[in-house]
Amino acid sequence: MKKYALLSTLFFAVCYSACAQVSFESKAAAGDKPLYEMEFSPRLKLNGYVNLGGNDASASQSLNLNSADPYNSLKDKNADANMYQTQLAWKTTYNGFEKGPLETYIEGQWWGGPGSGGNLQLRVAYVDYNHWHVGQDWSFFGGGVPTWYNTLDWEGPNSGTWARHLQVKYYNNFGKDKLWRFEGGMETSAQYLKVAGGNVPGQFSVDPIAAFTKYTQDGSFIRLALMGRSIRYTKENAENALQMGWGINANLKNKISDKSYFMAQGLVGSGIAGSYTLSGALFSNSGAAVMYDGIYDQNGSFKTVPVYGGSAGIEYFFGTKKNLHSNLVLGYTNMAYHASPLSLVQNKVINDNAAGDFLNKNNESTTHTALTYGSINLMYDITKIFTMGIEYDGGAKQISNSTSQSSMVNRIAAGIKVGF
């Protein structure tokens with residue numbers, strides 16, 4: 001407890017002395033603007049959490065619905081605190097080109113598993129110029145930062161696509177008042193690909209993506225994105241083959257009143273489950289803790305995994321100053337594994353226990369895995385850049401075949417963030 005008290009005291013001391021952003025401008029000019037503009041932004045985040053059961057306490061700092069195993073329930077509880085999501089961001093703008101500014105942006109954070117102490121991790125790094133966006137950024141299949149719900153658990157609800165990919169994107173606004181936007185390009189997502197069973201060759205998946213967004217003057221928007229995905233696998237004769245996956249993602253943000261807004265996201269596809277947050281590469285433990293893009297069935301045939309889901313959230317601001325606000329977020333995901341129960345166990349999609357409960361109780365050729373999620377929080381903005389809050393995150397993982405069995409996951413989180 002002394003360690004956490006000292007950490008909290010130090011954090012508050014830094015908070016009151018920290019600036020959200022430090023700006024620099026060059027003396028040289030380009031017209032009416034400085035030739036160079038630079039912004040340095042330190043962002044501090046203190047995370048505290050209490051795992052109440054079902055979560056993988058040894059490897060997951062966020063709520064991980066897929067760590068729950070209905071046939072081997074996790075009952076360990078633990079509590080801890082860290083500052084792994086503390087970030088540094090650096091933005092440089094060059095105004096010397098006729099076609100507009102050239103922007104470079106780099107963002108990193110100290111992220112690490114328990115015991116690692118927090119390692120500096122590259123989050124975002126890109127160059128943006130004249131309708132072109134090149135580098136590592138949040139997947140524009142999901143929509144990126146504008147589609148996030150305001151939760152303390154930044155990995156977000158299931159059925160969200162908040163993965164970071166290397167991408168080349170062209171974008172442009174059109175229509176009356178330029179409120180329509182088109183985005184088109186490619187992302188490489190090979191590091192997120194997961195296949196259960198069989199031999200998988202080295203991947204180089206380049207995903208074509210196209211997205212259309214309609215904005216309104218009050219900040220609301222509706223968005224539709226389409227994605228293709230190439231998945232390589234090994235045939236029985238040891239030759240490599242190619243299977244195509246696909247995905248459709250829709251996002252909505254609607255301002256209800258001056259004190260509230262509503263957000264929703266829906267997704268359907270096949271061969272894209274590994275890019276989901278809460279269950280994809282962010283939590284790539286092993287076995288039942290992973291959502292798979294493809295699977296080898298009992299006959300050795302390769303199949304992509306169909307998946308669909310959605311999430312919705314509402315944020316409400318209290319009082320005239322709107323310093324106090326609350327979020328309610330709900331989510332649901334469903335995957336279909338077309339393989340026999342024995343094949344699923346052999347491929348470690350489901351970890352059967354010593355009694356063989358999954359094999360003994362199920363015999364259908366299709367197994368559905370469903371993830372149900374809920375989150376509610378209360379946040380208080382001390383200043384524009386200083387927020388503290390408390391949050392409950394909970395949900396369940398259900399495996400349905402001849403019989404259905406589920407396991408709960410829930411936790412309480414508290415956080416303080418400065419400079420975001």
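## The second largest pocket

In this predicted model, 23 residues line the second largest pocket, and those nearest its centre are Asp 137, Gly 143, Val 145, Pro 146 and Lys 169. The pocket's volume comes to about 470 Å³. Sorted by class, its lining holds 10 nonpolar, 6 polar and 7 charged residues.

Quite a few strands chip in here. At least two lining residues come from each of S7, S8 (119-129), S9 (132-138), S10 (164-174), S11 (180-188), S13 (206-215) and S14 (221-234).

## The largest pocket

Now for the largest pocket, which has about 890 Å³ of space. Its lining counts 34 residues, with Val 145, Trp 148, Asn 150, Lys 417 and Phe 420 closest to the centre. Val 145 also turns up among the residues nearest the centre of the second largest pocket.

As for what the walls are made of, the lining of the largest pocket splits into 16 nonpolar, 8 polar and 10 charged residues. Strands S7 (102-111), S16 (260-270), S19 (306-318), S21 (366-383) and S22 (386-400) each put in at least two of the lining residues. S21 is the top contributor, with 3 residues.

## A little three-stranded sheet

Away from the pockets, there's an open sheet of 3 strands to look at, running in the order S12-S17-S18 with mixed pairing. S12 (195-196) and S18 (302-304) are the edge strands, each pairing on one side only.

S17 (residues 294-296) pairs with S18 in the antiparallel sense, over 3 bridges. If you want a spot to zoom in on, try Tyr 296, whose bridge partner in S18 is Phe 302.

Methods
Residues numbered from 1 in each chain as written. Predicted model: local features only at pLDDT ≥ 70, side-chain atom pairs only at ≥ 80, totals over all residues. Heavy atoms only, no water. 1 Å grid on protein atoms, 1.4 Å probe; cavity = no way out; pocket = protein on both sides within 12 Å on 5 of 7 lines; lining within 4 Å. Points joined across faces, edges and corners; volume = space filled by probe spheres on them. Helix = DSSP H or I, 4+ residues; strand = E, 2+ residues; numbered from the N terminus. Nonpolar A, V, L, I, M, F, W, Y, C, P; charged D, E, K, R; others polar. Pairing = 2+ DSSP bridges.
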